Amino acid sequence: MKKSPVFALLLALPLAAAAQTTPTTTSPAKTTTTTAPAPAGTQQQTEVVEELDPATGKVIRRTTRTINVPTGTTPAPTTTKSGTTTTASDLPTSPATDAQVTAFLKKKTTVSTLTTAGLLDAYNRLMDRVHNDRSGWKPADWALAANVMSALNARYDQLRSNFSFDDKVNIRAQQAEFQTLRTARQLSDQVSDKL
């Protein structure tokens, strides 16, 4: 019996189709990086660039790189792909020391011993100082104010259950007002820098 090429083709087609549709599993590649210690006279600086979705404002991609810069160099502002600039004043703040809080509020204050009434007074003093002095503040002044606010917020977290609902609303309103004033100043500075 002579086999025709059509018979061979009919036999080969199902095998070829099965070979093309066989799923293959691959494990995702893992990337590991190691950073060498900074050479003498330099310090390591981490730079983060975020790409934002213009429609939602959410981060699509975040790229982090570590570079060596001369010792004493301040971090340069980083820019997201959407055009927003992040400066050192946008970074999370560390709580102020009691001496810094005392100097800022112009009243002897030990944050760790503040009672609920004392903490409410401290928030009021902070916001009074912000309202009265903010027009002449530089970024360092705003950073100090943010550090004081951070110290008060840490104490608020410890005492939160002791506050009445009205006091909680009052404190939250003052926290929100502070952030609004600070952000408004940062935006104002960015706009005036571009003019």
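Against which helices do the buried residues of helix 5 pack? In this predicted model, they pack against helix 3 and helix 4. The paragraphs below begin with the overall layout and then return to these helices and the aromatic residues among them.

The protein chain contains 5 helices and 4 strands, and from the N terminus on these elements follow the order α-β-β-β-β-α-α-α-α. Of the 195 residues in the chain, 21% are buried. Taking contacts between residues at least 6 apart in sequence, 60% of them join residues at least 24 apart. The chain exposes about 13800 Å², and carbon and sulfur atoms supply 57% of that area.

Helix 3 makes a convenient starting point for a closer look. It covers residues 116-133, 18 residues in total, and its first and last C-alpha atoms are 26 Å apart, close to the 26 Å expected at 1.5 Å a residue. Its buried residues are L119, L120, A122, Y123, L126, M127 and V130. Viewed down the axis of helix 3, these buried residues fall within an arc of 160 degrees, so they line one face of the helix. Such an arrangement can be read against the general geometry of helices: an α-helix has 3.6 residues a turn, so residues three or four places apart point the same way. On the face of helix 3 turned away from the buried side sit the exposed residues A117 and N132. The cover over the buried residues of helix 3 includes helix 2 (98-105), helix 4 (139-159) and helix 5 (165-194).

Helix 5 can be examined in the same manner. With 30 residues at 1.5 Å a residue, helix 5 should span 44 Å, and its end C-alpha atoms are indeed 44 Å apart, so the two values agree. The buried residues here are I171, Q174, Q175, F178, L181, R182 and Q186. Among them, F178 has a relative accessibility of 0%, and it also takes part in the aromatic contacts described next.

How many aromatic pairs does the model hold? The count comes to 4. In one of these, the rings of W142 and F178 have centres 6.0 Å apart and planes at 50 degrees, so the pair is tilted. W142 belongs to helix 4 and F178 to helix 5, so this pair ties together parts that lie 36 residues apart in sequence. W142 is buried as well, because its relative accessible area of 6% falls under the 20% cut-off. The rings of Y156 and F163 also form a tilted pair, since their centres are 5.5 Å apart and their planes meet at 40 degrees. Both Y156 and F163 are buried.

W142 and F178 also belong to an aromatic cluster, which they form together with F104 and W137. One member of this cluster, F104, has a charged neighbour: R129 lies over the face of the F104 ring, at 4.4 Å from the ring centre.

A last detail of the backbone concerns K106. This residue is found in the loop between helix 2 and helix 3. Its phi is near 60 degrees, a positive value in a residue other than glycine. Is K106 buried or exposed? With a relative accessibility of 63%, K106 counts as exposed, because the value is over 50%.

Technical notes:
Residues numbered from 1 in each chain as written. Predicted model: local features only at pLDDT ≥ 70, side-chain atom pairs only at ≥ 80, totals over all residues. Heavy atoms only, no water. Helix = DSSP H or I, 4+ residues; strand = E, 2+ residues; numbered from the N terminus. Expected span 1.5 Å × (residues − 1). Buried < 20%, exposed > 50% of the residue type's maximum accessible area, 1.4 Å probe, protein only. Arc of directions from axis to C-beta. Contact = heavy atoms within 4.5 Å. Phe/Tyr/Trp six-rings, centres within 6.5 Å; stacked < 30°, edge-to-face > 60°. Lys NZ or Arg CZ within 6 Å of the ring centre and 35° of its normal. Areas by Shrake-Rupley, 256 points an atom, 1.4 Å probe, with all protein chains shown as cover.
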